[in-house]
Amino acid sequence: MYCGKPVIGLPSSYEWVDETDKVFLLCNYFDFLRSFGAIPLLIPTKAEGAELTYLLDQCDGLLLTGGDDIDPTLYGETILNDSVELAPERDKMEAKLCAMASARHLPILGICRGMQFMNVYFGGSLYQDIASQYNTSVSHRMAPPSHRTCHDCILEDDFPLRAMIDEKVIAVNSHHHQAVKTVAPGFRVAGRCTDGIIEAIWNPNEAFCWGIQWHPERIWDINTPSAKIMEAFIKACIK
């Protein structure tokens, strides 16, 4: 906590372009956290060792952000096709973060890639490419603008969000081509798209460990369920 506000760690995205590497993150995440009274702390992809430990020491919670695809070798598969774009440096760092955060029982919220990485880290698997591996007429990679919803998600009755909003079916946005296939041991499905694709997972054995496939940071101001997710996460980080 800093000045009475929870500090939330945010792993960065990573790119190597024109012989230059860079770390970055879309500002939506920072604005999202600040709007709910939290302080965002960027954790760069290249952080390791004592530096990584120090950064997580400052955090009351961890928000695993969206971005590139996860290396299929982490769940026992080879790359399916050219649609799979990897970020091995990020996978390596986020595995360390998940191990440290889990050992400390820090609240964890995974968004899009963050949910997928959480699932893989704890022993689950993914559809590498929905379009070539799953029969659906639902578009899971929506076109701009992103400040809107595009399909429905059906919540499971035991997922805490269901009681918070008293709604079974909610509208969400969608910006992904991979999805959870086998849910990690200890986790439960929390919500599914109308086509059956898993949209949310959670670990009921932790105080707060949720994965959300959609991007609440882009629609929280027009989408009550997305706002409630952040409210629940921040509340868990303050305890």
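**The largest pocket**

Start with strand β2, which gives the most residues to the lining of the largest pocket: three. Keep in mind that the model is predicted. Select the pocket's surroundings next. The lining has 23 residues in total. Show G66, G67, D68, H175 and R218 as sticks, since these lie nearest the pocket's centre. How much space lies in the largest pocket? About 510 Å³. Now colour the elements that give two or more residues to this lining: β2 and α4, residues 113-121.

**The β2–β3 hairpin**

Stay with β2 and select residues 13-17. Add β3, residues 20-24. The two strands run antiparallel and are joined by five bridges. Find W16 and look across to β3: D21 stands opposite. Then move to the turn. Two residues lie between the strands of this hairpin. One to pick out is D18, whose phi is positive, at about 50 degrees.

**K46, in contact with both strands' surroundings**

Select K46. This residue sits in the loop between β4 (39-43) and α2 (49-57). Is K46 buried or exposed? Neither label fits: K46 is partly exposed, with a relative accessible area of 47%. Leaving out residues up to four places away in sequence, K46 touches Y14, D21 and E89. D21 is the residue that stands opposite W16. Now draw a distance from the C-alpha of K46 to that of L80. The two are 34 residues apart along the chain, and 27 Å separates these atoms.

**Helix α4 and N119**

Go back to α4 and select N119, which lies in this helix. N119 counts as buried because its relative accessibility is 0%. What is N119 in contact with, once neighbours within four places in sequence are set aside? The list is G124, S125, L126, V180, T182, V183, A184 and I201. Keep I201 selected for the next stop.

**Strands β8, β11 and β12**

I201 belongs to β12, where it stands opposite V189. Select β12 as residues 198-202 and β11 as residues 188-193. Four bridges join these antiparallel strands. They form a hairpin with four residues between them. In the turn, click on G196: its phi is positive, at about 100 degrees.

Now add β8, residues 151-155. β8 pairs with β11 in the antiparallel sense, over three bridges. Look for I154, which stands opposite R192 in β11.

**The largest nonpolar core**

Nonpolar side chains tend to be buried together in soluble globular proteins. Here the largest nonpolar core has 36 residues. Select L63, L109, W210, W214, M230 and F233, the members with the most contacts inside the core. The largest share, eight residues, comes from helix α8 (residues 224-238).

Show α8 by itself. The helix has 15 residues and reaches 21 Å from its first C-alpha to its last, close to the 21 Å expected at 1.5 Å a residue. Which residues of α8 are buried? Select P225, S226, A227, I229, M230, A232, F233, I234, A236 and C237.

Next, centre on W210. Setting aside neighbours within four places in sequence, W210 is in contact with I108, L109, G110, M118, F159, P160, L161, M164, I201, W202, I229 and A232. A second, separate core has 29 residues, among them L64, M93, A101 and F117.

**Unusual backbone angles**

Most residues other than glycine have a negative phi, and most peptide bonds are trans. Three places to check follow.

- Select P144 and P145. The peptide bond between them is cis, with omega near 0 degrees. P145 lies in the loop between α5 (130-133) and β8.
- Select H105, in the loop between α3 (88-103) and β6 (108-111). Its phi is positive, near 55 degrees. H105 is exposed, with a relative accessible area of 53%.
- Select D166, in the loop between α6 (160-165) and β9 (169-172). Here too phi is positive, near 55 degrees. D166 is exposed, at a relative accessible area of 64%.

Technical notes:
Residues are numbered from 1 along each chain as its sequence is written. This is a predicted model: local features need pLDDT of at least 70, side-chain atom pairs count only at pLDDT 80 or more; totals for chains, interfaces and linings use all residues. Side-chain values use heavy atoms; hydrogens and water are left out. A nonpolar core is a set of buried Ala, Val, Leu, Ile, Met, Phe, Trp, Tyr and Cys residues joined through side-chain atoms within 4.5 Å. Buried means under 20% relative accessible area, exposed over 50%, partly exposed in between (1.4 Å probe, protein chains only). Contact means heavy atoms within 4.5 Å. The expected span of a helix is 1.5 Å times one less than its number of residues. Two strands pair if DSSP finds at least two bridges between them. On a 1 Å grid over the protein atoms alone, a cavity is a set of points where a 1.4 Å probe fits but cannot get out, and a pocket is an open set with protein on both sides within 12 Å along at least five of seven lines; lining residues have an atom within 4 Å of a point. Grid points are joined across faces, edges and corners, and a volume is the space filled by probe spheres set on the points.
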